[in-house]
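Trainee: I am new to this one and would like to learn how its descriptions are justified. Could we go through it together?

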Amino acid sequence: MEDKELNLVDHLEELRKRIIISALAFVAFFIVGFIYVDNIYRWFAGDTKLMVLGPSDIMWIYFMIATVIAVAGTIPVLALQIWLFVKPALRPKERKITLSYVPALFFLFLLGLSFGYFVIFPMVLKFLVNMGQDMFVTNFTAERYFSFIMNMTLPFGVLFELPVVVMFLTSLGIINPFVLGKVRKYAYFVLIIIAVVITPPDFMSDFVVTLPLLLLYEISINLSKFVYRKRMRNLQQEEEEIIEV
C-alpha cells in the first residue's frame, strides 16, 4: 500500500515538473512574441489601415498576438513533456516512434494555421466585405480584425493535428481504428457543422473547408490502422520471446 502511495506521489511530482516546464516555455515564447509584435502586426495587416477605439485596444492587440506566438511555440515543448511523462510506460520501439510525433505536431499546427490564413480567411473576408459594400463604409478596428483572423486560423491549427494525436493515442492503446470507424458518421456530422459555421453561406465555401476536414479524419483512421497493426505485431513478438525464454 505504501509503495503504491509513493508511486502515486512520484507520478504527481513528475506531472508537476512537466507542467512547470511547459508553463515556463509559454512565458518565454510570450515575451519573444511581445518583443516582435510590431513586425508581426505589420506582416498581418499589410496595407490595411486599421483603427483603434482606445489606448486599451493597443495593449489588447499586443497580448493577443504574443499569446498566439506563445501557443505555437509551446506546442512542441508541451508535446515533448507529455512524451517524457508517458515514456516509462512505453516499450523501446514505441518510444522512438512516438518521439517522432513531437515535431509533426508543430508542423501540422503551422500547416493548419496557413490553411486558415491563406485559404479560409481571404475567402470569408471577401464574401463579407462584398455583401455589405453597397450599404456600409468598411473600416476595421485592429481588435476586430485580429480577432477575426484568430477565429479563422486557430481552429484549423488544432484540427490539422488530429492525425498525429490519433497515432499517438493508438500507440498507447487508448484508441484503435475500429472505434474511429464506428464513430465515423458522428465525426463527419461534427466536422460538417464546424465547416458550415465558420464559412460563408454558399456551397463552394462549405465544400472547400469540409473536404480537407473529412480527408483529415480518413487519414487519421488509416494512420491508426497502420500504428495498430504494428503495435499488435510488436506485442506478439514480445509474447513469443517470453514463451521461448
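Mentor: What follows is a talk about a predicted model, with questions about helices, cores and single residues.

Trainee: Let's begin with α5 and α7. Why is α5 called roughly antiparallel to α7?

Mentor: Helix α7 covers residues 162–171, and α5 packs against α7 at an angle of about 155° with the axes 10 Å apart. Angles over 145 degrees count as roughly antiparallel, so α5 is roughly antiparallel to α7. As for handedness, α5 passes α7 in a left-handed crossing.

Trainee: Which residues of α5 and α7 meet there?

Mentor: From α5 come Y101, A104, L105 and L108, and they meet V164, V165, M167, F168 and S171 of α7. Sorted by class, this contact of α5 with α7 has 8 nonpolar residues, 1 polar and no charged. Serine is not among the nonpolar or charged types, so S171 in α7 falls in the polar class.

Trainee: And what makes α3 roughly antiparallel to α5?

Mentor: The angle between α3 and α5 is about 160°, and their axes are 8 Å apart. The cut-off is again over 145 degrees, so the pair α3 and α5 earns the label roughly antiparallel. Here the crossing is right-handed. On the α3 side the contact is made by V71, A72, I75, P76, A79 and L80, and on the α5 side by V102, L105, F106 and F109. These divide into 10 nonpolar, no polar and no charged residues.

Trainee: Why is α2 called roughly perpendicular to α3?

Mentor: The axes of α2 and α3 cross at roughly 90° and come within 10 Å. The range for roughly perpendicular is 65 to 115 degrees, so that is the word for α2 and α3. V37, I40 and Y41 of α2 meet I61, Y62, I65, A66 and I69 of α3. That contact of α2 with α3 has 8 nonpolar, no polar and no charged residues.

Trainee: Now the interior. Which residues have the most contacts inside the largest nonpolar core?

Mentor: They are F121, F146 and F156, in a core of 36 residues. Helices α2, α3, α5, α6, α9 and α10 each supply at least two residues of this core. The largest share, 8 residues, comes from α6. Leaving aside neighbours within four places in sequence, F121 is in contact with G116, Y145, F148, I149 and M152. There is also a second, separate core of 16 residues, including A72, L90, Y101 and V102.

Trainee: How do you know that T141 is buried?

Mentor: The relative accessible area of T141 is 14%. Buried means under 20%, so T141 qualifies as buried. T141 lies in the loop between α5 and α6. Not counting residues up to four places away in sequence, T141 touches L50, M51 and L53.

Trainee: Why does S114 count as partly exposed?

Mentor: S114 is found in helix α5, and its relative accessibility is 31%. Under 20% would be buried and over 50% exposed, with partly exposed in between, so S114 counts as partly exposed.

Trainee: How far apart are S114 and L154 in space?

Mentor: Their C-alpha atoms are 9.7 Å apart, while S114 and L154 are 40 residues apart in sequence.

Conventions: Residues numbered from 1 in each chain as written. Predicted model: local features only at pLDDT ≥ 70, side-chain atom pairs only at ≥ 80, totals over all residues. Heavy atoms only, no water. Core = buried A, V, L, I, M, F, W, Y, C linked by side-chain atoms within 4.5 Å. Buried < 20%, exposed > 50% of the residue type's maximum accessible area, 1.4 Å probe, protein only. Helix = DSSP H or I, 4+ residues; strand = E, 2+ residues; numbered from the N terminus. Contact = heavy atoms within 4.5 Å. Axes fitted to C-alpha atoms, helices over the stretch in contact; angles between N-to-C directions. Parallel < 35°, antiparallel > 145°, perpendicular 65-115°, else oblique. Left-handed = near helix turned anticlockwise from the far one by under 90°.
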